[in-house]
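Please walk me through this structure for a reader who has not seen it before, beginning with the charges and the overall form and ending with the unusual points of the backbone.

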Number of protein chains: 2
Amino acid sequence: MKPKLSDVAEEAGVSPTTVSRVINNHGYLSAATKQKVYDAMATLNYQPNSLARSLKGKKSHIIGLIFPGITNPFFAELIEKLEKQLFLQGYKVILCNSADDVAKERNYLQMLIANQVDGIITGAHNLGIEEYQNTNLPIVAFDRRYTDGMPMISSDNLQGGILATDTLYQAGAKNIYFMGNPNQKGNPTDRRLQGYRQQMAKLGLENHVFPIFFDETPKIKQVSIQQFLKKKQADGIICSDDLTAILVLQTARELNIQVPNDLKIIGYDGSNFIRTYFPELSTVVQPMDDIVMMLVESLINRITNREDKLEESDFILPVSLYHGGTV
Amino acid sequence: MKPKLSDVAEEAGVSPTTVSRVINNHGYLSAATKQKVYDAMATLNYQPNSLARSLKGKKSHIIGLIFPGITNPFFAELIEKLEKQLFLQGYKVILCNSADDVAKERNYLQMLIANQVDGIITGAHNLGIEEYQNTNLPIVAFDRRYTDGMPMISSDNLQGGILATDTLYQAGAKNIYFMGNPNQKGNPTDRRLQGYRQQMAKLGLENHVFPIFFDETPKIKQVSIQQFLKKKQADGIICSDDLTAILVLQTARELNIQVPNDLKIIGYDGSNFIRTYFPELSTVVQPMDDIVMMLVESLINRITNREDKLEESDFILPVSLYHGGTV
DNA sequence: TTGTAAGCGTTATCAC
DNA sequence: GTGATAACGCTTACAA
């Protein structure tokens with residue numbers, strides 16, 4: 001059987017209290033006692049049981065991460081960096097893949113509550129506000145607006161949309177299409193489209209949206225992109241994410257459309273992965289490191305200091321441009 | 001405060017025991033009582049505390065996943081699929097990023113024990129056998145040999161090396177290089193190199209290894225690949241992973257080396273991501289779905305039936321070839 | 001400086 | 001059918 005605290009106590013010839021004190025560095029202890037306890041812990045190969053500890057009201061030092069998946073390199077990097085930062089601060093991570101499935105996200109949320117996580121970082125799409133409100137856990141959101149009380153971190157999606165549009169325009173494109181989800185559901189990412197529309201209006205150009213949905217498989221996207229490109233209506237395309245942009249680029253090549261001469265393409269996200277393995281793609285870069293810092297800092301603030309007054313808690317970080325060769 | 005079981009009991013006018021029974025479907029209960037309890041749970045928005053439950057010896061239904069990172073699409077997909085399968089079986093997942101850092105891996109291992117996970121799936125590289133042996137948790141390993149008792153699932157790395165070599169040879173390459181980690185540490189993946197050497201010998205060709213290490217950054221890899229390609233010694237390269245293969249392909253294009261005419265390239269792993277977004281890359285495909293199935297099944301067997309005799313527990317799954325255009 | 005005892009939220013055992 | 005009660009492994013007043 002796994003050794004428990006009282007076994008250590010017995011082995012060391014002291015009381016359980018003392019062992020607990022040694023483990024937690026509580027109060028005054030003679031060096032000799034400490035040593036005895038350490039020795040006992042070593043000989044028994046003792047590991048404290050976190051569950052019992054958290055049950056006593058201590059923090060679990062676990063953070064739940066709810067994201068729609070990890071195969072998109074942007075999310076993979078974001079999650080990897082979050083994990084890294086949180087680990088440095090002494091937190092471990094439970095990964096919840098909401099997979100664009102409402103039931104699953106709800107299920108995970110309940111599980112996180114049941115497991116007494118100290119907080120949650122969510123970047124998932126589907127769940128409504130109320131469900132998150134009902135947990136009075138510290139939660140911060142990435143690129144999602146949930147509740148007024150909940151801090152939201154995002155990059156400047158409006159500016160990103162403007163920047164992309166302007167970049168294509170400056171490069172000579174006039175028939176600029178936005179390829180992405182046209183449904184505005186009040187999420188911060190909607191503003192990419194708003195930025196595009198706003199800038200197109202300013203430039204006196206007509207705006208066009210070619211709908212692509214997040215949950216379509218790449219194959220399906222490819223087919224509709226192919227049909228679209230064959231019509232040759234666009235000389236510039238803003239994709240609302242890099243993966244879509246790559247499909248457009250591939251398809252354009254297959255159709256012998258010259259990029260950037262006949263068609264300029266710009267993506268969105270700009271993860272390290274994309275910039276390394278698709279260096280030719282021009283894209284709007286989200287400041288990943290800053291996003292991670294803000295998310296973690298913001299969450300830990302809320303965890304350690306929950307009575308904090310709910311000051312303005314939205315952070316919108318500036319985007320930048322990466323010049324590949326597709327513009 | 002969060003409602004607890006006794007609150008529900010009070011609300012429903014029954015004893016805590018009864019509530020527990022309702023929750024766990026234990027023994028005989030009158031329909032009326034059940035309903036009262038359900039109602040009380042609903043009005044209080046009660047969530048059972050998993051910690052207390054696990055403390056009582058119940059399973060935690062949490063599986064630890066220890067992997068070296070998630071930015072490699074192969075691992076991202078593997079982890080995503082593992083998570084999905086495990087979720088279907090009622091398990092949740094704690095993600096541990098060992099990040100090729102021994103201390104971190106050890107730290108995570110201890111944490112998993114402390115949190116009473118039901119089992120572990122590991123694909124991490126750095127920790128020695130003993131540390132895993134000491135936990136008497138159910139553990140299964142992907143592509144790593146740890147202990148004789150621990151099941152190992154991998155794809156047929158030897159055959160993969162042979163297949164890659166043969167493919168290049170059949171396509172006309174004679175100066176075939178292997179690009180990967182030359183250090184043989186007894187891991188199953190070492191056999192990719194062995195397969196290459198074996199097949200080269202059989203073909204009467206000289207074998208050459210160009211060393212690339214897993215922990216090098218892409219930039220560093222790029223530089224050494226560039227230097228290598230400039231010498232033009234190879235007319236065929238087997239890369240021990242797809243990401244390296246992509247760097248080779250990129251660099252070859254930069255140097256105006258014609259692929260596949262002057263240089264044939266073959267990668268290794270063949271994730272969906274790579275096949276979708278780099279369809280031109282020929283690669284040895286690991287049977288991801290089968291790997292996931294075997295890992296999960298094998299682990300759950302061990303969890304539910306720990307006294308199982310330690311029958312042969314290594315599974316080596318067949319690889320296949322994806323034909324892009326680089327061979 | 002160290003020990004005793006109560007309690008965290010749940011479940012299992014035994015009574016009724 | 002249902003209810004006391006002890007126990008899981010740990011922490012923390014309160015004593016000593």
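**Charges, overall form and backbone**

In chain A there are 33 positive and 36 negative charges, and the mean positions of these two groups lie 3 Å apart. The model is a predicted one, and the values below should be read with that in mind.

The secondary structure of chain A consists of 13 helices and twelve strands. With a radius of gyration of 25 Å, well over the 20 Å that the globule rule gives for 327 residues, chain A is more spread out than a compact globule. The extent of the C-alpha trace of chain A can also be given along its principal axes, where it spans about 85 × 40 × 35 Å.

Turning to burial and contacts, 52% of the 327 residues of chain A count as buried. Among the contacts in chain A with a separation of 6 or more, 69% are between residues 24 or more positions apart in the chain. The accessible surface of chain A amounts to about 14,500 Å², and carbon and sulfur atoms contribute 48% of that area.

The backbone deserves a careful look as well, and a general expectation helps here: most peptide bonds are trans, and most residues other than glycine have a negative phi. Against the first part of that background, the bond that joins A:Val259 and A:Pro260 is a cis peptide bond, with omega at about 5°. A:Pro260 sits in the loop of chain A that runs between helix H11 (242-254) and strand E9 (264-269). In chain B, the peptide bond from B:Val259 to B:Pro260 is cis, with an omega near 5°, and B:Pro260 is placed in the loop between helix H11 (242-254) and strand E9 (264-269) of that chain.

Two residues of chain B bear on the second part of the expectation. B:His61, which is not a glycine, has a positive phi of about 60°, and this residue lies in the loop between helix H4 (50-55) and strand E1 (62-67) of chain B. Its relative accessible area is 34%, so B:His61 counts as partly exposed. B:Asp269, also a residue other than glycine, has a positive phi near 130°, and B:Asp269 belongs to strand E9 of chain B. Is B:Asp269 buried or exposed? With a relative accessible area of 7%, which is under the 20% limit for burial, B:Asp269 is buried.

How values were computed: Residues numbered from 1 in each chain as written. Chains lettered and ligands numbered in written order. Predicted model: local features only at pLDDT ≥ 70, side-chain atom pairs only at ≥ 80, totals over all residues. Heavy atoms only, no water. Helix = DSSP H or I, 4+ residues; strand = E, 2+ residues; numbered from the N terminus. Rg over C-alpha atoms; globule rule 2.2 N^0.38 Å. Buried < 20%, exposed > 50% of the residue type's maximum accessible area, 1.4 Å probe, protein only. Contact = heavy atoms within 4.5 Å. Areas by Shrake-Rupley, 256 points an atom, 1.4 Å probe, with all protein chains shown as cover. Lys, Arg positive; Asp, Glu negative; His and termini not counted. Charge placed at Lys NZ, Arg CZ, Asp CG, Glu CD.
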